[in-house]
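User: I should like a close look at a single part of this protein. Please choose one helix and explain how it sits within the whole.

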Amino acid sequence: HQRGNQRQAIPYYEEYLAISPDDPSNVQVLFNLGHAYDELGDHSRAAEYYLAANRPRPPPPPGIDWQGAWWRELGPYIRERLHEWRFGDTSSAKSP
């Protein structure tokens, strides 16, 4: 739509929203849709998209907890695997 092709851009933006409804970049897509409709003179529809772009969103999911219990359990696991690899000892390996 930045090149003045609002009518062409709108279906692509709507398709993106349908495919990726939870993508954080949807705010920008909603704003772009509002701008495209505004440029085409459909101010009521533009207002809907502008309001949707400004609607509060839930916070993003937390990142990796590098301090969690999994980190403390990783060391012994790696030591066991190295021991098996170096000495061919599979006694500590879990059988299927």
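**A close look at helix H2**

Analyst: In this predicted model, buried residues make up 22% of the 96 residues in the protein. The fold contains 4 helices and 0 strands, and from the N terminus the order of elements is α-α-α-α. Among contacts between residues at least 6 apart in sequence, 25% join residues at least 24 apart.

The part examined here is helix H2, which covers residues 26-39. A simple check of its length is possible. At 1.5 Å a residue, its 14 residues should span 20 Å, and the end C-alpha atoms are 20 Å apart, so the expected and computed values agree.

Next comes the question of which residues of H2 are buried. They are Asn26, Val29, Leu30, Asn32, Leu33, Gly34, Ala36 and Tyr37. The spacing of such a list can be read with a general rule in mind: an α-helix has 3.6 residues a turn, so residues three or four places apart point the same way. In H2, Val29, Leu33 and Tyr37 are among the buried residues. The partners of the buried residues of H2 are helix H1 (6-19) and helix H3 (43-54), against which they pack. After H2 comes Gly41, with a positive phi near 90°.

Finally, the surface completes the setting. The protein exposes about 7,900 Å², of which carbon and sulfur atoms supply 57%. The largest pocket has a volume of about 230 Å³. It is lined by 11 residues, and those closest to its centre are Asp22, Asp23, Pro24, Arg57 and Pro58. By type, the lining comprises 7 nonpolar, 1 polar and 3 charged residues.

Methods: Residues are numbered from 1 along each chain as its sequence is written. This is a predicted model: local features need pLDDT of at least 70, side-chain atom pairs count only at pLDDT 80 or more; totals for chains, interfaces and linings use all residues. Side-chain values use heavy atoms; hydrogens and water are left out. On a 1 Å grid over the protein atoms alone, a cavity is a set of points where a 1.4 Å probe fits but cannot get out, and a pocket is an open set with protein on both sides within 12 Å along at least five of seven lines; lining residues have an atom within 4 Å of a point. Grid points are joined across faces, edges and corners, and a volume is the space filled by probe spheres set on the points. Ala, Val, Leu, Ile, Met, Phe, Trp, Tyr, Cys and Pro count as nonpolar, Asp, Glu, Lys and Arg as charged, and the others, Gly among them, as polar. Helices (H or I, at least four residues) and strands (E, at least two) are DSSP runs, numbered from the N terminus. Buried means under 20% relative accessible area, exposed over 50%, partly exposed in between (1.4 Å probe, protein chains only). Contact means heavy atoms within 4.5 Å. Accessible areas come from the Shrake-Rupley method with a 1.4 Å probe; for residues, only the protein chains shown count as cover. The expected span of a helix is 1.5 Å times one less than its number of residues.
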